[in-house]
Every structure is written in structure tokens, then in C-alpha cells.
Amino acid sequence: MSTPLTKKVLLLGVDGLDPRLTSKFLKEGKLPNIQKYVERGAQRDNLQLICTPPTITPPLWTTLATGALPITHGITCFWRQDPVHLDTAGYNLDSRLCHAEALWNVTAEAGMKTLVWHWPGSSWPPTSQSPNLHVVDGTQPTMINGGVARVDLEKIVLAKDSITEVTYKPAAVNNTGAGCVIEDLPEIEDSFDVNSILGGDSMSMRNIILSQADGEDGIDAVKLDLCNSPIKDAFGWADAPEGAKEFYVVTSKGLVRRPCLILKNEDGIYDRVAYYHSKKDTEPLAVLKKDEYVVDVVDDMIWNEEHVKGNRNMLLMDLAEDGSMVRLWLSRAMNINYDHLFHPRSLFQQVVDNVGHVPPNPTSGGTDLELVNRVILPTWDVAAQWQADALNYLIDENDYQVIFSHIHNVDAMGHMFWFLGKDRPEMGSLHGKEYQDAIEQVYLQTDRYLGRFLHYLDEDWTIMIFSDHGLLTPEEEEKPLIGDAFGCNVKVMEELGFTVLKKDENGNDIKEIDWEKTRAVATRGGQIYINLKGKYPTGIVDPEDKYELEREIIDGLYNYRLNGKRVISVAMRNKDAIVLGTGGPECGDVLYWLEEGVNRLHGDALPMVEGVNDTSVTPIFIAAGKGLKSGYNSPRIIRQVDMTPTVAHMLGVRMPKQCEGAVAYQILEDATYVEE
């Protein structure tokens with residue numbers, strides 16, 4: 001152990017933050033707070049932090065916490081392979097599956113009061129009994145309690161005087177442009193809901209991917225409630241002003257109807273909507289005016305046959321001056337009393353009492369520019385402000401010495417609309433510039449969030465800003481049907497002759513693998529498993545043929561073309577993947593990564609790939625404060641595995657047991673290293 005260089009460390013993780021795009025906005029003078037960190041800090045001049053594949057959230061956040069590579073800590077994807085069923089995977093955000101010690105256990109057991117805040121990489125459940133360790137969620141990446149406390153879906157309500165009856169469509173797939181006036185409610189689509197999996201509603205996944213919409217590209221096809229209601233003259237109210245009109249909002253999977261009044265101003269123009277619990281009440285739960293974003297409306301919900309209180313945000317999107325039409329957006333509602341993912345549980349009440357209820361995150365609308373600008377960005381503004389308030393309060397009141405924190409706004413919105421940031425006239429899309437503007441707004445939002453912690457630099461804190469990966473705007477619209485982390489990728493493997501699907505009576509593929517003819521499957525992120533005899537009940541490949549089949553698979557992958565282009569950049573046997581820090585028993589027999597240009601947002605290609613409009617998958621690193629050089633550009637390549645040993649060295653605690661990185665001593669204030 002070393003002599004401490006600092007007594008207080010604040011780690012500000014921002015999932016998906018890209019050094020290339022950050023550098024662009026810094027040069028344009030648009031990120032004043034990040035600029036202050038850079039000017040006072042020590043980092044690479046390109047702000048890069050090098051990670052190992054796969055560039056997927058749980059493995060990389062686990063590496064950032066342990067200083068161990070994926071092959072060592074064992075978290076190699078969002079999912080872990082089912083040991084029996086090759087087309088099935090289990091949820092992987094579980095600290096009990098991690099084989100490496102986390103730094104927060106070390107600091108807590110060394111007597112330092114430590115907070116781990118929504119870290120989506122092996123943080124929950126807590127793995128140390130030290131009373132110095134406090135942990136908040138970590139079971140999913142999007143938002144605290146996001147996977148467990150939802151008690152009502154996001155919804156769009158259209159009320160018109162020409163509608164004759166209340167019509168409600170629960171859990172409809174948002175692929176119709178929900179920001180538009182909805183005249184005909186679509187039928188529910190029976191499709192794989194990747195968001196429910198990410199939200200933790202299910203702990204296993206069996207998803208046969210036959211199209212892009214079946215996997216990662218279906219993330220924006222989020223299910224939300226759609227409601228149509230007639231507008232009528234107000235009737236039967238305890239206190240309705242003269243001339244008021246009424247309509248209904250349906251909640252709680254259709255079990256609850258909330259009455260609303262459309263109200264006039266003194267000039268006789270309908271300018272606001274009052275949302276009520278019932279017509280018997282004289283005070284509304286909320287009063288909504290057009291374009292005024294209303295936060296934290298608490299209402300009674302029915303969820304799984306239980307009565308609970310939920311909070312949600314609302315936006316009155318449209319209101320006709322004559323009261324003939326209303327368009328209303330409601331966020332998902334969250335159980336305001338769900339404290340199960342706070343350790344100790346008393347931490348939950350402390351936050352709620354002093355900061356407010358945990359806010360919801362937006363879940364749909366990324367393909368609709370109106371919803372992006374009017375709903376998605378403002379909802380994350382509220383969430384980021386709440387998180388900054390909560391962390392500032394807890395740091396000041398609870399005397400934490402070490403904070404591990406994560407926010408997911410960049411990555412969450414990235415999956416919603418980053419891929420739309422390129423003009424694609426051939427696809428009928430000319431909105432690339434508007435989406436680039438929205439991406440810029442996400443970075444301005446993140447700058448404001450990070451700015452809330454700048455004052456700690458003057459209070460002898462050491463602050464490190466970093467990400468797990470970046471996000472890119474893809475070059476190509478069409479991507480190969482392989483490499484998707486959210487299911488079993490069968491189409492390319494079918495074309496290559498390794499996977500065989502069963503057929504319907506018309507000879508069309510169905511979502512069921514014919515195991516009697518399938519030699520190998522590509523499942524999860526970049527993994528190919530051989531259907532081996534003696535290992536799997538379905539096995540047909542003799543063990544002595546495995547090595548040659550691996551060669552055949554690798555040859556097939558390299559030779560595969562999409563629109564004349566090679567789609568695989570690297571493919572290798574499991575034993576060879578150790579050179580990249582991955583492989584081992586948690587990975588497939590063959591590992592592969594997609595070629596730059598045909599890859600998705602992140603996760604399916606090597607970490608250094610770049611996209612259009614100054615985007616990349618590489619993560620970011622900026623460090624400033626006590627014990628660090630100021631205004632220093634390090635010539636050293638800094639890697640994610642170096643984060644843990646560097647922080648441990650600065651705090652003067654031992655290294656976690658499986659730590660494989662090295663101290664980035666070049667950025668330390670007491671370093672004697674001189675650049676050549």
C-alpha cells in the first residue's frame with residue numbers, strides 16, 4: 001500500500017460518453033464545465049480511455065470496478081449462456097456471477113465510507129458486509145429502480161370532441177409515430193420486448209433473431225399505452241367551472257380512469273387541463289399548460305392486483321383554443337415506496353425526504369423528433385438534475401469518502417436515436433441534421449450534470465470522469481444479421497450452413513432451431529457455440545471434429561459479404577481471445593467482431609471503431625483534483641483496467657485481489673516521469 005495522495009475520490013461515470021464527440025464540442029466551446037475539468041486535469045489529449053472487447057455495459061463497468069479483464073471477472077455480455085439450451089441466455093447483471101473483487105469492498109473494509117450509486121456492473125447485491133458500504137441499485141443500467149418499480153406504462157392520450165367513446169390499447173408497440181395525432185389505435189404486436197428484459201422483468205432470454213427489429217434495433221419499439229377519449233361538457237363534478245369540458249385518461253392496464261377538465265382562461269380561451277383523481281375532488285392532482293413540463297405527479301395505481309402510489313411526469317402537447325382537442329403525454333409511473341434496491345434501506349428514505357421521489361426515465365419515441373425534443377430530452381433533464389441533487393446531498397450529509405457513480409442518459413438516448421444522425425435520402429430519411437442537434441443537446445445536458453460537481457475540486461476531492469464505451473452513428477443503414485447481443489443470430493449462420501431453422505407448411509423459416517441439423521449457433525454478443533455431443537442434449541458434432549469445424553466457421557465468417565463488403569473484422573478461437581482480454585469458460589467456441597462501417601451503435605465491434613459525424617465507440621477519461629497533475633496531457637495510453645489500481649494507489653489502500661491493471665502514475669502529481 002502507498003502513502004495516500006487524496007482522502008476523497010468521486011468517480012463520475014457517464015455511460016456512452018464518447019471522447020471524439022466530446023472533443024468536437026469542446027473545440028466549439030459548447031461544454032464549459034467539461035472544459036474546466038480538462039484545464040484543471042490530467043488525461044490524454046484525445047481524452048481516450050482504452051477498453052477491451054466486448055464494448056458492452058456490464059463487462060466494462062465490472063472491469064472499471066475490479067481492474068480485471070472480462071476473461072478474469074467472467075462478465076462477458078449482458079447475458080450468460082445457458083449451460084443446457086444453446087438458444088437461451090440468462091441475465092448477467094448480478095454481482096454473485098463476478099469472479100473478481102471490487103474496489104468498493106476494499107475501500108469500505110479499509111474504513112472509508114463508500115457509496116456505490118447505480119453501477120451496472122457487479123454491484124448488486126452488495127458483496128461486503130462492511131457497514132461502510134452503501135449500494136444503490138445496479139440491477140439494470142437505465143435508471144434507479146427502473147427494472148422493478150414501474151407501475152404503469154408511458155402513454156399518449158388523444159381526446160377530441162369527434163371521438164365517441166373511450167378506447168384504450170395497452171402495451172402497443174410505438175412504431176407509428178406516437179407524437180402524431182392517433183386516429184386508429186394499432187393492434188398489439190407479439191414481438192420480443194428487449195426493454196422488458198433490460199428492465200429486469202425477466203431473468204432469461206430466448207430470442208431467435210430473424211430481422212433487425214427482433215434485436216438491438218428493436219429497442220425503440222417500446223410498448224406504451226395509447227388512449228383515445230371523447231371530449232364532452234363537464235358533468236357530475238363536485239366543482240367544475242362554467243364552460244369546462246371533460247375527458248378521461250386510462251391508467252393501470254385499463255383498471256383506472258382518471259377524469260380531466262379542460263378549462264378556460266379569463267379571455268374565454270381553453271388554455272389548461274386539470275388532472276383529477278375523481279370527479280368528487282375539488283383539487284386536481286396536476287394542472288397542465290401547453291408546453292409546461294410537469295414533474296412528479298403522484299397518483300394511486302393498481303399493479304399486479306395491488307394498490308400502490310406512483311409518480312410520473314406529464315406534458316400537455318396540444319390543446320385547441322376551443323377545447324375540441326387535447327394531446328397529452330404521460331411518462332411511465334414508478335412506485336414511490338420501492339426501497340428494496342437501497343442498502344441500507346434507510347438510504348432510500350433519506351434521499352426521498354430531502355431530494356424527492358426517484359424520477360422515471362423516458363422509454364419510447366426516439367424515431368419521432370417531436371417526442372425527442374419535447375419529451376425525451378426534458379425527462380432526462382429532470383433525471384440528471386435529480387441525480388446530481390441526490391449525490392450532492394449525500395456527499396455533504398453522509399461524509400462519504402469514496403463515490404462510485406453512474407448515469408445512463410447518453411447511452412439510453414443513444415439507443416433511441418443516435419442511428420438517425422446521418423441523412424439517408426435512399427431510405428427516405430432527411431432528418432439527420434435535426435438528430436445531430438438532439439445529440440448535441442444530450443452532450444450539453446451531460447455538461448450541466450458534470451458541472452454540478454465542479455465545486456468539489458476546491459474541497460480537496462479527486463474527480464474522475466469516464467465511460468464504459470462511446471456510441472456511434474452507423475455508416476451503413478443495413479447491418480448483417482449477426483453480432484446482435486440480444487438473442488440468437490440465425491440468418492447469417494443459416495446462409496453459411498451452420499444453423500438450420502424449422503419451416504412452416506409453406507417452407508418459410510419459423511423461430512425454432514432444428515437441432516438435429518444445426519452444427520453451431522451465434523448467440524449473445526459475438527459468441528458462436530458448437531452443438532457438441534456430450535456437452536449439450538441436442539449435440540450432433542463429435543468432439544474430435546470440433547477444431548476443424550471452428551476453422552470452417554472462421555473461414556465462413558471472413559468470406560461472408562453484405563452488399564459486396566466483408567462484415568467480420570476479427571474471428572478467433574476461444575483460446576486465442578485471451579490476447580484481447582476475453583474468452584474463457586464464459587464465452588463461446590468462436591468469438592468474432594463486426595467490421596467498422598457495418599456495426600451497430602456499440603458492442604458488436606472492436607473498441608476503436610468510428611462512425612459518422614465524429615462518433616466513436618471508444619470510452620472517455622478525464623481526471624482532476626487532489627493528487628493529480630493540472631493541465632497535463634499524458635502520453636501514456638490509459639486503459640480501463642488501470643482505473644482501479646490508480647484509485648487504489650491514490651487512496652493508499654490495497655489492490656483488489658484479481659486486479660490486472662497498473663497505476664497510471666504519469667498523471668499523478670508526485671510522479672517524476674518526464675515526457676521525452
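**Notebook: cavities, helix contacts and backbone details**

**Entry 1. The second largest cavity.** I sorted the lining of the second largest cavity by class and found six nonpolar, four polar and no charged residues. The model I consulted is a predicted one. I then looked up the volume of this second largest cavity, which is about 50 Å³. I listed the residues that line it: Asn145, Ala149, Asn311, Met334, Asn335, Ile336, Phe348, Val352, His357 and Val358. I also asked which elements give two or more residues to this lining. They are strand E21 (333-335) and helix H7.

**Entry 2. The largest cavity.** I searched the whole structure for cavities of 30 Å³ or more and recorded four. The largest of them has a volume of about 80 Å³. I noted that 13 residues line this largest cavity, and that Pro54, Gly525, Gly526, Tyr592 and Trp593 are the closest to its centre. Strand E34 (residues 590-594) gives the most to the lining, with three residues. By class, I recorded five nonpolar, seven polar and one charged residues in the lining of the largest cavity.

**Entry 3. Pro54 and its peptide bond.** Pro54 appeared among the residues closest to the centre of the largest cavity, and I therefore examined its backbone. The peptide bond from Pro53 to Pro54 is cis, with omega near 5°. I located Pro54 in the loop between strand E2 (41-43) and helix H3 (57-66).

**Entry 4. Two further backbone details.** I looked up a second cis peptide bond, from His343 to Pro344, with omega near 0°. Pro344 is found in the loop between strand E22 (342-343) and H7. I next turned to Asp291, a residue other than glycine, and recorded a positive phi near 70°. Asp291 has its place in the loop between strand E17 (286-289) and strand E18 (294-303). I entered these details since most residues other than glycine have a negative phi, and most peptide bonds are trans.

**Entry 5. Helices H7 and H8.** I returned to H7, one of the elements that line the second largest cavity, and examined how it meets H8. The axes of helix H7 (residues 346-354) and helix H8 (residues 369-398) come within 10 Å and cross at roughly 115°. Angles of 65 to 115 degrees count as roughly perpendicular, so H7 is roughly perpendicular to H8. I noted that the crossing of H7 and H8 is right-handed. On the H7 side, the contact is made by Leu347, Gln350, Val351 and Asn354. On the H8 side, I listed Trp386, Ala390, Tyr393, Leu394, Glu397 and Asn398. Sorted by class, the contact of H7 with H8 has six nonpolar, three polar and one charged residues.

**Entry 6. Helices H8 and H10.** At what angle do H8 and H10 pack? I recorded an angle of about 10°, with the axes of the two helices 10 Å apart. Angles under 35 degrees count as roughly parallel, and H8 and H10 are therefore roughly parallel to each other. From H8, the residues in this contact include Leu369, Val372, Leu377, Trp380 and Leu391. From H10, they include Tyr435, Ala438, Val442, Arg448 and Tyr449. The residues of the contact of H8 with H10 divide into eleven nonpolar, four polar and three charged.

**Entry 7. Helices H1 and H10.** I then looked up a contact of H10 with helix H1. The axes of helix H1 (residues 19-27) and helix H10 (residues 432-451) come within 11 Å and cross at roughly 85°. That angle lies in the range from 65 to 115 degrees, and H1 and H10 are therefore roughly perpendicular to each other. In this contact, Leu21, Thr22 and Phe25 of H1 meet Ile439, Glu440 and Tyr443 of H10. I counted the classes as four nonpolar, one polar and one charged.

Conventions: Residues numbered from 1 in each chain as written. Predicted model: local features only at pLDDT ≥ 70, side-chain atom pairs only at ≥ 80, totals over all residues. Heavy atoms only, no water. Axes fitted to C-alpha atoms, helices over the stretch in contact; angles between N-to-C directions. Helix = DSSP H or I, 4+ residues; strand = E, 2+ residues; numbered from the N terminus. Parallel < 35°, antiparallel > 145°, perpendicular 65-115°, else oblique. Left-handed = near helix turned anticlockwise from the far one by under 90°. Contact = heavy atoms within 4.5 Å. Nonpolar A, V, L, I, M, F, W, Y, C, P; charged D, E, K, R; others polar. 1 Å grid on protein atoms, 1.4 Å probe; cavity = no way out; pocket = protein on both sides within 12 Å on 5 of 7 lines; lining within 4 Å. Points joined across faces, edges and corners; volume = space filled by probe spheres on them.
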